[in-house]
Amino acid sequence: MSNSSPNVESLYNKSLNQFCDSMNEDILQNVLKWLPPSISLQMIWKILRVNDGCEKFVYNHMIKDSELSSINRGREIAQMSLQNSGYVAPVSYRQMSSETHEGFATIQQTKFVDCYNFSNYFNLTLFSKLVDVTNYRSQLFTIFQICVQINGFKFPQHLADEWIKIEIEDDNDNINVHHIEQGLKLGFFLGDAGWFSECALVLSHTYKIITTKWVCLDRNLELVKIIQCLTKWLLVVSNYHNFDEAKIVLQHMLQTINIIEKIEGRTLCIAYAYVAVSQYYYVLMEFNEAWSWAVKSVYELRDKSADILKLLVISHAIRVCSVLNKLSTAKKLINQLHTYEKEIDQNIHVDMLLNEACYSLKADLAKDSINSYYIALDSRRNLFGYYNLHTAIVFVDYAYARYVCDYSTTDFNEAMRSILQGIFIMEKIGLPNDNMLLVNAGRIKALILEEKALDIMDRDLQADGIKRLLERMKKNMLNEAEALHLKALKVSLQAVGVKALLTAKSYCNLGRLYQSQEKYTQSEQMHLKAIEIKESILGKDNPEVALSLGHLASLYTYQLKKYQDAEELYLRSKTIYETTYGRQYTGLLYDFQGLVEVYRELNNTEKLNQYNENLLRFHETREAWLHQVHTAIDENCTKDDLSLEKFKCILNECACDK
């Protein structure tokens with residue numbers, strides 16, 4: 001074709017635009033009914049004039065400028081301050097009323113024009129037609145959330161109910177197969193789109209149809225549908241923290257996996273089913289079990305497995321080995337994964353970024369994770385809308401990362417704004433008050449509240465009236481934090497019982513809070529409970545144990561004056577951190593500071609000088625380590641993209657040169 005020949009794509013778009021210009025509601029109904037799915041979806045996008053066709057809402061990780069733009073937009077969302085929007089960010093969290101959030105959310109919502117009442121025609125039939133257009137899945141997510149904006153947060157539930165109410169004949173195999181496929185596609189889409197409870201409802205009904213009404217003569221086909229259904233169902237109920245339902249689904253999953261694994265010469269790859277089981281244990285903080293299934297998922301992959309599946313499986317393994325402090329392994333997996341230089345679906349790429357952010361947080365590199373969270377906030381908002389559980393979860397995770405980053409500066413404004421946005425969204429879309437996602441968000445809010453309350457009284461103010469006012473503010477903030485932590489403890493005890501890390505986390509948080517409230521006996525009791533549970537589950541030399549040891553040592557040092565007990569705890573904590581992370585770990589700084597205070601009170605001049613020197617050397621050691629981390633090149637990475645052999649070598653900590 002000569003250079004002067006018209007571009008086929010441009011002619012197609014021109015024709016499509018002309019057709020859209022002549023649109024009316026009657027034509028739209030015919031378009032939705034008769035035109036092919038791909039063309040219908042593109043026309044819907046154009047007539048809705050989504051975000052006025054503005055390219056700034058598009059994120060492509062392959063383009064550097066796109067990444068920088070996404071980071072800037074994500075930062076503005078986290079700070080609740082959009083440039084040139086006319087919106088003024090709130091000064092303090094007390095001023096962030098429902099109206100304030102509503103105003104900000106309005107700015108964040110997807111812009112569209114529904115001139116032809118398209119949302120009235122988005123039903124199960126139209127969904128079933130459009131969902132097969134996989135190359136425009138991102139647009140379908142956005143179109144779906146536009147329907148949610150128009151019709152309200154019950155719209156996904158209504159779509160699920162519409163499907164469940166369809167009556168099918170028990171003896172018609174073709175109808176059953178079609179209905180099962182429709183249920184799986186609807187359930188998967190709802191889960192991917194952030195509507196977890198609606199997804200679980202559809203998939204539970206689908207599983208019932210498969211196992212009670214479908215008489216399938218092809219056993220392999222039946223197993224494929226069962227494992228597909230259970231995998232997504234387990235993932236969503238685990239991520240939704242619905243542990244009662246998750247336990248039931250897990251039992252069905254393990255039984256099905258056992259059947260499939262025994263098939264002689266099987267070709268069915270169930271790597272993602274292993275990921276679902278791993279994620280269940282991960283959410284319960286049973287990390288060793290989660291790691292076992294994550295490793296199985298990598299070994300289940302085949303060379304012919306789709307790249308997307310490989311990316312999801314290996315990225316999940318990075319998250320799990322990070323929380324287990326297998327940081328060297330996690331870093332090698334990340335480096336090897338980065339050799340994959342092809343374009344990745346936006347949503348999958350963001351999932352990978354969030355898993356790498358988990359590594360950064362555990363590796364004491366929290367600042368490295370901030371840009372990943374900004375991109376995730378921007379991308380989730382663009383794809384799924386502001387009022388969406390995916391968006392809320394990123395807000396919550398980012399708030400905690402920001403809290404960790406800002407711990408030394410005591411400026412928690414961005415962390416507070418982020419956590420309040422996450423909570424606001426969860427409450428707005430209808431999460432129950434006792435849902436663990438919402439309760440955990442409250443727990444993180446409580447951590448931030450406590451630090452802000454303590455910072456209030458550090459201000460050098462002379463006027464008695466102002467001091468009394470600040471004292472009341474501090475008391476109120478600490479009381480609010482206590483209520484949130486007590487609620488988290490209550491829900492954890494109901495959900496997982498006493499002997500669980502989720503429960504130990506609540507005891508640990510209450511121990512710190514009671515210390516701030518000057519309830520020292522209660523603080524000691526909480527810390528001792530947390531240590532007992534953590535040691536019984538993790539052993540005595542785990543960094544989670546060291547965290548609680550340091551908190552109890554602080555109480556003994558600064559309030560209860562049990563200096564010798566404090567010294568023993570600090571030294572235990574220090575040894576665990578040095579063994580696990582090395583001498584650059586931030587937690588060591590607090591141990592060194594505590595030991596300096598202990599030896600000052602004990603008049604142990606030799607030890608006092610030693611740990612003062614350790615404090616001075618610590619900052620030099622950490623700066624040198626940070627420089628090495630950010631400049632080091634991993635020469636062991638191959639250019640084999642998703643070489644399974646290489647990933648398995650990394651998991652085995654193999655010393656070969658593959």
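Where is Asn335 found? Let's start there, everyone, and walk outwards. Asn335 is found in helix H16. Please keep in mind as we go that this is a predicted model.

So, is Asn335 buried or exposed? Asn335 counts as buried because its relative accessible area is 18%, and the cut-off for buried is under 20%. Leaving aside residues up to four places away in sequence, Asn335 touches Asp634 and Cys637.

Asn335 also brings us to a pocket. The second largest pocket holds about 1,400 Å³ of space. It has 45 lining residues, and those closest to its centre are Lys331, Ile334, Asn335, His338 and Tyr359. Which elements give two or more residues to that lining? They are helix H4 (64-78), helix H16 (327-337), helix H17 (346-362), helix H18 (366-384) and helix H28 (605-631). H16 gives the most, with seven residues. By kind, the lining of this pocket divides into 20 nonpolar, 15 polar and ten charged residues.

Now let's turn to the nonpolar cores. In soluble globular proteins, nonpolar side chains tend to be buried together. Here, the largest nonpolar core has 205 residues, and Phe118, Phe122, Leu234 and Ile419 touch the most other members. Helix H21, residues 436-456, gives the most to this core, with twelve residues. Apart from the largest core lies another one, of nine residues, including Leu489, Leu510, Ala530 and Ile533.

Let's pick out Phe118. What does Phe118 touch, not counting residues up to four places away in sequence? Its contacts are Leu28, Leu32, Ile44, Leu48, Leu126, Ile143 and Cys147.

Then there is Asn117. You'll find Asn117 in the loop between helix H5 (98-108) and helix H6 (124-130). Most residues other than glycine have a negative phi. Asn117, however, has a positive phi, near 55°. With a relative accessible area of 31%, Asn117 is partly exposed.

A quick stop at Cys229, which is found in helix H11, residues 219-239. Cys229 is buried, with a relative accessible area of 0%. Again setting aside residues up to four places away in sequence, Cys229 touches Leu184, Leu203, Thr206, Tyr207 and Ile210. From Cys229 to Leu510 there are 281 residues in sequence and 40 Å in space, C-alpha to C-alpha.

Leu510 is a member of the nine-residue core, and that leads to our last topic, helix H24. This helix covers residues 520-538 and has 19 residues. From its first C-alpha to its last it reaches 26 Å, close to the 27 Å expected at 1.5 Å a residue. Which residues of H24 are buried? They are Ser523, Glu524, Met526, His527, Ala530, Ile531, Ile533 and Lys534. Two of these, Ala530 and Ile533, came up a moment ago in the nine-residue core. The cover over the buried residues of H24 includes helix H23 (501-516) and helix H25 (543-558).

Finally, have a look at either end of H24. In the loop between H23 and H24 lies Glu518. Although Glu518 is not a glycine, its phi is positive, about 65°. Glu518 counts as exposed because its relative accessibility is 56%, and exposed means over 50%. On the other side, H24 is followed by Gly539, with a positive phi near 90°.

That's the tour. Thanks for listening!

Methods:
Residues are numbered from 1 along each chain as its sequence is written. This is a predicted model: local features need pLDDT of at least 70, side-chain atom pairs count only at pLDDT 80 or more; totals for chains, interfaces and linings use all residues. Side-chain values use heavy atoms; hydrogens and water are left out. A nonpolar core is a set of buried Ala, Val, Leu, Ile, Met, Phe, Trp, Tyr and Cys residues joined through side-chain atoms within 4.5 Å. Buried means under 20% relative accessible area, exposed over 50%, partly exposed in between (1.4 Å probe, protein chains only). Helices (H or I, at least four residues) and strands (E, at least two) are DSSP runs, numbered from the N terminus. Contact means heavy atoms within 4.5 Å. The expected span of a helix is 1.5 Å times one less than its number of residues. On a 1 Å grid over the protein atoms alone, a cavity is a set of points where a 1.4 Å probe fits but cannot get out, and a pocket is an open set with protein on both sides within 12 Å along at least five of seven lines; lining residues have an atom within 4 Å of a point. Grid points are joined across faces, edges and corners, and a volume is the space filled by probe spheres set on the points. Ala, Val, Leu, Ile, Met, Phe, Trp, Tyr, Cys and Pro count as nonpolar, Asp, Glu, Lys and Arg as charged, and the others, Gly among them, as polar.
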